[in-house]
Amino acid sequence: MTRQDWLKTQGWRSMLALGLLMALSACVTVNIYFPAAAAQKLADQVVGEVYKAAAKGALLAPVAPAVSVPAPPAAPTRSAAPASNALSMASPYHAASYLLAMGFSAISGTAEAAANLDASSPGVQSARAQLEAIAAQMRPYFVSGAVGFTANGLVAIHDAAAVPLQQRAALNGLVNSNNSALSNLYQQIADANGHPEWAGQIQQTFAQAWINKAPAGYWYQSPSGQWQKK
């Protein structure tokens, strides 16, 4: 092997290694991405529907899961040469460009998949229906100021005196049921998207949506724990 051929081989190997490292590094980084914008969009939608159900005093029908339309069969293509042979015949520049393109394609594909949150699973639909049913029962207590939203997306007693003494035990039970339904919704959304660890971030996203979309007169807690009236 001549020195020129040896240098060419070494250059090709270096570019190949660089391309692979960049592609793998990009994939690892994207896999931990939390789609905050998509979570906010979903929270606004779900919260809005729960408030509507509460105002009507009736359970809204769950949204039907989206139906996947099968893609048309791909046209037959000619069999390509093995990747190893194709790369071995390519120049170091073209080989590296090909690998980098694959890496960025992986980034784009993963990011696009994470750009939306799936809320059509049976678990999410069931959790939403349960929450809407409880919201209809909770609304009079929100209106009276007996309860309000906490800063972490749950519900707490704000003014027990707004409820007759004989009804306070029942209200405590209703608040506990409401919080269980809320926690279940947050976890179901995280589970449906294959990231159970996102439940906390989803809960915080919903926490702000409950406050932002609350009707005038509802009470809520600030991050410092102070009660405020909307």
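This report walks through a predicted model of one protein chain, from its confidence to its sheet, helices and core.

**Confidence first**

The mean pLDDT of the protein is 77, with 61% of its residues at 70 or more. Two stretches fall well short of that mean. Over residues 58-90 the pLDDT is below 50, and the model gives this stretch 22 contacts beyond near neighbours in sequence. Residues 98-114 also stay under 50, here with 16 contacts beyond four places in sequence. Where pLDDT is low, predicted coordinates should not be read in detail. So go easy on those two regions, because low pLDDT argues against a detailed reading.

**The overall layout**

There are 230 residues in the protein, and 34% of them count as buried. The secondary structure adds up to seven helices and four strands. Reading from the N terminus, the order is α-α-α-α-α-β-β-α-α-β-β. As for how far the contacts reach along the chain, take those with a separation of 6 or more: 67% of them join residues 24 or more positions apart.

**The sheet and what packs on it**

The four strands make an open sheet in the order E2-E1-E3-E4, with mixed pairing. Its edge strands are E2 (155-157) and E4 (227-229), each of which pairs on one side only. On average, and ignoring direction, neighbouring strands are turned by 40° against each other. E1 and E2 run antiparallel and are joined by three bridges. Across that pair, Phe149 stands opposite Val155 in E2.

Which strands does H5 touch as it packs on the sheet? H5 touches E1 and E2, and its direction makes about 100° with that of E1. H6 packs on the sheet too, touching E1 and E2, with its direction at about 165° to that of E2.

**Helices H6 and H7**

A quick sanity check on helix geometry comes from the end-to-end C-alpha distances, set against a rise of 1.5 Å a residue:

| Helix | Residues in helix | Expected span | End C-alpha distance |
|---|---|---|---|
| H6 | 25 residues | 36 Å | 36 Å |
| H7 | 14 residues | 20 Å | 20 Å |

For H6 the two values agree, and for H7 they agree as well.

The buried residues of H6 include Leu171, Leu174, Val175, Leu182, Leu185, Tyr186 and Ile189, and also the polar pair Asn178 and Asn179. Among the elements covering the buried residues of H6 are H2, H5, E1, E2 and H7. Just after H6, Gly194 takes a positive phi of about 75°.

H7 has its own buried set, including Ala199, Ile202, Gln203, Thr205, Phe206 and Trp210. These buried residues of H7 pack against H2, H5, E1, H6 and strand E3 (219-221).

Two H7 residues are worth a closer look. Ile202 touches Phe34, Tyr186, Ile189 and Ala190, leaving out residues up to four places away in sequence. Thr205, also in H7, is in contact with Phe34, Ala39, Gln40 and Ala43 once its neighbours within four places are set aside. Is Thr205 buried or exposed? Thr205 is buried, because its relative accessible area is 12%, under the 20% cut-off.

**The nonpolar core**

In soluble globular proteins, nonpolar side chains tend to be buried together. Here the largest nonpolar core has 45 residues, and those touching the most other members are Met138, Val147, Val155, Leu185, Ile202, Phe206 and Trp210. The elements giving two or more residues to this core are H2 (36-56), H5, E1 (147-149), H6 (168-192) and H7 (199-212).

**Around the start of H5**

Ser121 and Pro122 are a neat contrast. Ser121 lies in the loop between H4 (92-113) and H5, while Pro122 is found in H5 (122-144). Why does Ser121 count as buried? Its relative accessible area is 16%, so Ser121 falls under the 20% limit. Pro122, on the other hand, counts as exposed because its relative accessibility is 68%, over the 50% mark.

Each residue also has a partner far along the chain. Ser121 and Ile189 are 68 residues apart in sequence, yet their C-alpha atoms are 8.3 Å apart in space. For Pro122 and Gln188, the separation is 66 residues in sequence and 9.2 Å from C-alpha to C-alpha.

Notes:
Residues numbered from 1 in each chain as written. Predicted model: local features only at pLDDT ≥ 70, side-chain atom pairs only at ≥ 80, totals over all residues. Heavy atoms only, no water. Buried < 20%, exposed > 50% of the residue type's maximum accessible area, 1.4 Å probe, protein only. pLDDT = per-residue confidence, 0-100. Contact = heavy atoms within 4.5 Å. Core = buried A, V, L, I, M, F, W, Y, C linked by side-chain atoms within 4.5 Å. Pairing = 2+ DSSP bridges. Axes fitted to C-alpha atoms, helices over the stretch in contact; angles between N-to-C directions. Expected span 1.5 Å × (residues − 1).
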